[in-house]
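Below is a colleague's note on one structure, written for a reader who has not seen it before. Please keep the sequence and the model open while reading.

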Amino acid sequence: MALSQDELKKQVGYKAVDDYVKSGMVVGLGTGSTAYFAVERLGQLLKDGTLKDIVAIPTSVRTKEQAEQLGIPLVTLDTHSKLDVAIDGADEVDPNLNLVKGGGGALLREKMVEVCADKFIVIVDESKLCDGLGPGFPLPVEITPFCHEHTLRTVANLPSVAGCKPVLRMGSSSNNKNDGDEIAVTDNGNYIVDLHFDEPIKDPAKAALEIKNTVGVVDHGLFCGMTTAVIIAGADGISVKEAA
């Protein structure tokens with residue numbers, strides 16, 4: 001019988017912790033339905049004594065609350081600017097292991113934490129693999145509330161994302177469904193614009209630079225050149241793809 005998507009997520013979440021986390025490490029904890037299982041596993045292994053002397057940095061309020069319930073000792077980047085490993089899911093993964101992240105609205109904190117990690121381990125089920133970023137999952141861009149409509153237009157008109165359709169995220173910031181009448185607000189008090197594409201983004205690294213350089217943009221969900229390895233759960237079991 002085929003495994004459910006949750007069971008696949010659990011497999012990769014547990015494997016990431018089992019394979020990459022050792023006692024004494026500083027660990028970045030991702031956000032979302034797949035990262036949830038990595039946090040769960042870390043809590044288990046600390047509780048049973050398999051792992052000791054771990055401190056962790058959460059990437060969202062949701063993950064912080066989960067980690068606290070499991071008794072995982074937490075710190076922040078203010079005291080620990082260097083991490084041994086960070087583990088997180090992704091919304092899309094291209095053949096070069098560039099990512100789209102931020103479906104769950106935590107992209108700024110995720111990027112701040114994960115860019116500080118010696119190893120960044122991405123955990124996904126095979127549905128997240130794609131030939132090119134963009135069409136399969138809208139690209140989130142976190143922007144300041146001040147004159148947000150101006151910033152939304154400015155981003156949508158950048159050459160590297162030409163043809164995209166910008167949609168202001170409404171309702172809950174933790175998904176890109178329109179599930180409310182109020183503008184969605186991130187953990188950092190900002191808004192999110194989701195860029196919808198019909199064609200793959202031609203040059204993700206260039207798009208990343210252009211979007212980030214736009215005044216009014218806080219950060220975006222393109223994670224380029226950051227991935228150490230992707231652990232993939234599929235119908236045929238688990239595979240690992242390492243960065244070239």
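The numbered points that follow go through the cores, the strands, the helices and a few single residues.

1. Status of the model. This is a predicted model, and the points below should be read with that in mind.

2. The largest nonpolar core. This core has 26 residues, and the members that touch the most others are Val 21, Leu 42 and Ile 87. At least two residues come from each of α1 (5-20), β1, α2, β3 (83-88), β6 (117-125) and β12 (229-234). A second core, separate from this one, has 25 residues, among them Leu 158, Leu 168, Tyr 191 and Ile 211.

3. Val 21. What does Val 21 touch, not counting residues up to four places away in sequence? The list is Ala 16, Val 27, Leu 42, Leu 51, Ile 54, Val 85 and Ile 87. Two of these names, Leu 42 and Ile 87, also appear with Val 21 among the core members that touch the most others.

4. Strand β9. Strand β9 covers residues 191-196, and five of its six residues are buried. It pairs with β7 in the antiparallel sense through five bridges, and with strand β8 (residues 165-168), also antiparallel, over four bridges. On the β7 side, Ile 143 has Tyr 191 of β9 as its bridge partner. Leu 168 is bridged to Val 193 in β9. Leu 168 and Tyr 191 are both included in the second core.

5. The three-stranded sheet. An open sheet is formed by three strands in the order β4-β5-β11, with antiparallel pairing. Its edges are β4 and β11 (222-223), each of which pairs on one side only. Two bridges join β5 to β11. One named pair is Leu 99 with Phe 223, the latter in β11. As a general matter, the strands of a sheet pair through backbone hydrogen bonds, in either a parallel or an antiparallel manner.

6. Helix α3. Which residues of α3 (residues 61-69) are buried? They are Thr 63, Gln 66 and Ala 67. Because these residues cover an arc of only 95 degrees around the axis, they lie on the same side of α3. The buried residues of the helix pack against β1 (26-29), α2 (35-47) and β2 (55-58). After α3 comes Gly 71, with a positive phi near 75 degrees.

7. Leu 46. This residue is in helix α2. Leaving aside neighbours within four places in sequence, its contacts are Leu 51, Lys 52, Ile 54, Ile 72 and Pro 73. Leu 51 and Ile 54 are also touched by Val 21. For a sense of scale, Leu 46 and Val 122 are 76 residues apart in sequence, and their C-alpha atoms are 21 Å apart in space.

8. Two glutamates of helix α4. Glu 110 belongs to helix α4 (residues 107-114). Its relative accessible area is 4%, under the 20% limit, so Glu 110 counts as buried. Beyond neighbours within four places in sequence, Glu 110 is in contact with Thr 31, Thr 59, Asp 88, Lys 101, Gly 102 and Phe 223. Glu 114 is in α4 as well. Is Glu 114 buried or exposed? Glu 114 is buried, and it has no salt bridge. The nearest side chain of opposite charge is that of Lys 101, 4.5 Å away. A salt bridge needs a nitrogen-to-oxygen distance within 4 Å, so this pair does not count as one. Not counting residues up to four places away in sequence, Glu 114 touches Gly 30, Thr 59, Ala 86, Asp 88, Lys 101, Phe 120, Phe 223 and Met 226. Phe 223, touched by Glu 114 and in contact with Glu 110, is the bridge partner of Leu 99 described in point 5.

9. Positive phi outside glycine. Leu 97 has a positive phi, near 65 degrees, although it is not a glycine. It sits in the loop between β4 (92-93) and β5 (99-100). With a relative accessible area of 5%, Leu 97 is buried. Cys 147 also has a positive phi, of about 50 degrees, and is not a glycine either. Its loop runs between β7 (139-143) and α5 (148-156). Cys 147 has 44% relative accessibility and so counts as partly exposed.

Conventions: Residues numbered from 1 in each chain as written. Predicted model: local features only at pLDDT ≥ 70, side-chain atom pairs only at ≥ 80, totals over all residues. Heavy atoms only, no water. Buried < 20%, exposed > 50% of the residue type's maximum accessible area, 1.4 Å probe, protein only. Arc of directions from axis to C-beta. Contact = heavy atoms within 4.5 Å. Pairing = 2+ DSSP bridges. Lys, Arg positive; Asp, Glu negative; His and termini not counted. Core = buried A, V, L, I, M, F, W, Y, C linked by side-chain atoms within 4.5 Å.
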